[in-house]
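Here are my notes on this one, point by point. Have the structure open while you read.

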Amino acid sequence: MAGQFGNVVYRQVTHICGIIIQEIGGIPLPIRWIISDLDDTLLPPDIRLTDYTLSVLSRAQQAGFGVMLASGRMPSSMMPYVRQVGTTLPFIACNGARIIDPVTGDVLYANDLALELAREATRALEELGIYCQIYHDDTYSFAEVHPYSETYRITTGVEGNAVGRLSDYITTPIIKVLAIAEPDICRAILPTLRARFDGVLHITQSKPRFIELTALNVTKGDTLMPLCKILGAQPADFAAFGDGENDAEMLAAVGLGVAMENAVPEAKAAAKRICAPNTQDGVARFIEEHLLNEHLLKERLT
């Protein structure tokens, strides 16, 4: 598997991914790779990639950038966007718990939530009366059909399974637990959950209604290192885009972290630059104005 995937990456790197030395704000950056969050970052509110964004990402790949996605979504929910973008490079799924090869579907990296911790996390949410979902393989399960499960199904295009009490259902390690509640309830329970699982779980708020519970050190930023090993890259080689608290570690880890104008304060604090909001093709506009144009200018001068 590794050899096969290694050959895929080698061909991609050889033919399209040369080192592109640029200067942004007076800081020289060897940007070779672009990695972006999906929801509320690359995707507008209707969760459809615009023609303009697809055109810019295509031009970026033709110009020599490797383009990748990183999301809290499960792999099956990300694949339609991966195909639209037209990249064969690996992507980060489940908030950093998985790296997937989109060509073969192979899991290149996994960091699961241990069985007892998964049970304890779901039990804590059940005690609080909070709706939650667990993720395993490439699907998700919940106790019973709920308005939140229906909204999630429609938004992601992936059908989940009603299985009864989750803390009793779990018998193997899982990928993550997702709690869904109204924003004020999420804000109220987040300190309680963090205090209860301090030092044993990573807990982040990926959306106003989403709280994600994963194994310790599972973040998009942490998973950037195994991704770099797969690609033969360094974090400084990346430009990353994000909007959520769960993007902050990734934005801080790369050479050029760019937060959306609509991003939460944690993401903006971790970033080096701010771009236009997701409602205005902010990622694509930034790439076109600050990466593609400078690359083309460099080509004309050499």
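1. Start with the lining of the largest pocket in this predicted model. Helix 5 (147-156), strand 11 (176-180), strand 12 (201-207) and strand 13 (210-215) each put at least two residues into that lining. Helix 5 has the largest share, at 5 residues.

2. The space in this largest pocket comes to about 570 Å³. There are 29 lining residues, and D39, D40, T155, K207 and F210 are the ones closest to the pocket centre. If you sort the lining by residue type, you get 11 nonpolar, 8 polar and 10 charged.

3. Now the cavities. Searching the whole structure turns up 1 cavity of 30 Å³ or more, and the largest cavity has a volume of about 40 Å³. Its lining is made up of I34, S36, L42, L57, V67, M68, L69, V283 and I287. By type, that is 8 nonpolar, 1 polar and no charged residues.

4. Which elements each supply at least two residues of the lining of the largest cavity? They are strand 3 (33-36), strand 4 (66-69) and helix 11 (282-301). Strand 4 gives the most, with 3 residues.

5. One residue to click on is S77, which sits in helix 3 (residues 75-85). Is S77 buried or exposed? S77 counts as buried because its relative accessibility is 3%, against a cut-off of under 20%. The S77 side chain makes a polar contact of 2.7 Å with the side chain of R73. Leaving out residues up to four places away in sequence, S77 touches T156 and V158.

6. For the overall picture, the protein's secondary structure amounts to 11 helices and 16 strands. Of its 302 residues, 54% count as buried. Take the contacts between residues at least 6 apart in sequence: 58% of them join residues at least 24 apart.

7. Last, confidence. The average pLDDT for the protein is 89, and 87% of the residues score at least 70. Residues 1-22 are where I'd ask you to pause: pLDDT stays under 50 there, and the model has 51 contacts beyond four places in sequence for this stretch. Where pLDDT is low, predicted coordinates should not be read in detail. So please don't read those 51 contacts of residues 1-22 in detail.

Technical notes
Residues are numbered from 1 along each chain as its sequence is written. This is a predicted model: local features need pLDDT of at least 70, side-chain atom pairs count only at pLDDT 80 or more; totals for chains, interfaces and linings use all residues. Side-chain values use heavy atoms; hydrogens and water are left out. Helices (H or I, at least four residues) and strands (E, at least two) are DSSP runs, numbered from the N terminus. Buried means under 20% relative accessible area, exposed over 50%, partly exposed in between (1.4 Å probe, protein chains only). A polar contact is a pair of N or O atoms within 3.5 Å; within protein, one must be able to donate a hydrogen and the other to accept it, and residues adjacent in sequence count only if both atoms are side-chain atoms. Contact means heavy atoms within 4.5 Å. pLDDT is the predictor's confidence in each residue, from 0 to 100. On a 1 Å grid over the protein atoms alone, a cavity is a set of points where a 1.4 Å probe fits but cannot get out, and a pocket is an open set with protein on both sides within 12 Å along at least five of seven lines; lining residues have an atom within 4 Å of a point. Grid points are joined across faces, edges and corners, and a volume is the space filled by probe spheres set on the points. Ala, Val, Leu, Ile, Met, Phe, Trp, Tyr, Cys and Pro count as nonpolar, Asp, Glu, Lys and Arg as charged, and the others, Gly among them, as polar.
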